[in-house]
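These are my notebook entries on a few places I looked up, kept in the order in which I went through them. I began with a single side chain and then turned to some strand pairings.

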Amino acid sequence: MERNLQQVNTILNLAKLTESDIKKESHVLQFIPQILDSKQVKLLEVNKDTLEYIKSGECLFIKGGEDAHVVVCSNSKTFEFKEAETSNSLLLMPSLNHGKLIEATESRTLKKQEVFGVYHTYYEMRLTKPKLQSLRNAIAKYPYKGKNSELSKDAVGLSFTELKNIIQASEEEIINRLEEIPAAKIRGKWRLLDVGFLFGWVSYLDSILREKQLSLEEVTPLNVEDWMGLYDIADVNSKCMSLFMEVDDDSLKWKSAAVSQLFALYLLPELRAFDSKDFFTAWQQSMPVGVTANEEDLNGVALVDYDSTPSLVKYLPEFELPEDINERLDILFRNRTKWTLQAITPYVQPLTDYNLNVAALLTKYARSLNINGVKYYSSKYITQTE
């Protein structure tokens, strides 16, 4: 049955409205016979920036699996992807003029508006920081131990396209993470540089510097590239330089914390725990010329247990811990009952997002206490140290 202006006015009266309260053009909704199945067509709420991104011709990628929450990725950002409910009915229409888009006319008119679907749920996107431990885990299956250890002539590892398909993060975030971790592209495939190889690389360069009676500050990047060309391929050497050196034009300097952590990772794994006195002696003696090891450099790599007899240094790298915050804190508090903010930050920082920083996460999932003016964090529950 066709609607007319008299019927519309009757509805206005029931709503206690007058003609002056509305636009001259009124829309009459008509539901199509074969209304869309809400299981086949979904609604997605986006902000203005994302809308402009889509209108520019770019794509959004939905990533997820049976064991992971679904996320949506643009080229540079990652979003949580969650279903939301509304008590109102959301109507799906091919077009709708509203507000200033409705032309001003002298007389009132009716316009038919087809409705293709009715929804009470929709999906929303919330900006989040991706959890990228799976990236390291994926390429760790293909460790690179040096060109002389390569047994196959075929390329080994994962291409960037393969990484984009399996890692729940945007392309830009994956690229940035690959730059941060000890990863290199070798014959078109991404692989994780082995700790033993990295230790050998730094030690080999240090032996050259000792032989020439030079410090790293006295040589140029071209010198290092030339000397290390015999050790491995150029791309790998370049990655090692970015990991362990500060490069400023023609000036070089060791990244002391990065070198110290590498040497700790190399010394600890086989024993898992090391007498602290013996460890600190061996650790410092193994360092390149000009690098001084500091206990603070162990944060995120190992912990010093002064409660044991003798005191021990325990292998505990952040990248081997679970990404679930409760599981991670449980392991941390079983290894040490109380932590300062400085010591625990490297272990919690990777789990933060745009809404919760390290302090906020610890406030939510741990218990704080003050001892002699120093703030510590401990488990909310009683734990037994291992």
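**Entry 1: a serine side chain**

I looked first at the polar surroundings of Ser-379, and I found a polar atom of its side chain 2.8 Å from the backbone oxygen of Tyr-381. I note here that the model is a predicted one, and that I read the distance as a computed value.

I then placed Ser-379 along the chain, where it belongs to the segment that comes after strand S18, residues 374-378. Is Ser-379 buried or exposed? I entered Ser-379 as buried, because its relative accessibility is 11% and the cut-off for that class is under 20%. Leaving aside residues up to four places away in sequence, I listed Phe-333, Thr-337 and Arg-367 as the residues that Ser-379 touches.

**Entry 2: strands S3, S4 and S5**

I next followed strand S3, residues 61-65, to its pairing with strand S4, residues 68-73, and recorded that the two run antiparallel and are joined by 4 bridges. As one bridge to check by eye, I wrote down Phe-61, whose partner in S4 is Cys-73. How many residues lie between S3 and S4 in their hairpin? I counted 2 residues between them.

From S4 I went on to strand S5, residues 78-92, which pairs with S4 in the antiparallel sense over 3 bridges. Here I noted Val-71, whose bridge partner in S5 is Glu-80. S4 and S5 also form a hairpin, and I recorded 4 residues between these two strands.

How values were computed:
Residues numbered from 1 in each chain as written. Predicted model: local features only at pLDDT ≥ 70, side-chain atom pairs only at ≥ 80, totals over all residues. Heavy atoms only, no water. Buried < 20%, exposed > 50% of the residue type's maximum accessible area, 1.4 Å probe, protein only. Polar contact = N/O pair within 3.5 Å; in protein donor to acceptor, adjacent residues only side chain to side chain. Contact = heavy atoms within 4.5 Å. Pairing = 2+ DSSP bridges.
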